[in-house]
Amino acid sequence: AIEQSSNSLPEVRMLAAAVLAYEASPASEAVLGRLLDDPEPRVRIAAAGAILRGLVLSPGYVDTHPLRT
């Protein structure tokens, strides 16, 4: 997915961002950060969603999240 994050097609960059949500690594976090500055708004939204999804999927999130009731 990291390789496709620089693809010329915004749809491919959007999909790459979605996949990176499931790859918890410093490299994927850096790529998602870069995609937040993509010229295409849809790619920026996909990157932001992937970052949030990655937070929710991280171990311990459900047990430690302050909004959990």
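**A chat about a four-helix model**

Mentor: Welcome! The protein has four helices and zero strands, with helices being DSSP runs of H or I of at least four residues, strands runs of E of at least two, numbered from the N terminus. This is a predicted model, where local features need pLDDT of at least 70, side-chain atom pairs count only at pLDDT 80 or more, and totals for chains, interfaces and linings use all residues. Residues are numbered from 1 along each chain as its sequence is written, and side-chain values use heavy atoms, leaving out hydrogens and water.

Trainee: Cool. Which residues of α2 are buried?

Mentor: In α2, residues 26–35, they are S28, V31, L32 and L35. Buried means under 20% relative accessible area, exposed over 50%, partly exposed in between (1.4 Å probe, protein chains only).

Trainee: And why do they line one face of the helix?

Mentor: Seen down the axis of α2, the buried residues fall within an arc of 100°, so they line one face. The arc is that of the directions from the helix axis to the C-beta atoms. On the other side of α2, P26, E29 and A30 are exposed.

Trainee: What is L35 in contact with?

Mentor: Setting aside neighbours within four places in sequence, L35 is in contact with S5, R13, A17, V43, R44 and A47. Contact means heavy atoms within 4.5 Å.

Trainee: New topic: how much of the protein is buried?

Mentor: Of its 69 residues, 23% count as buried.
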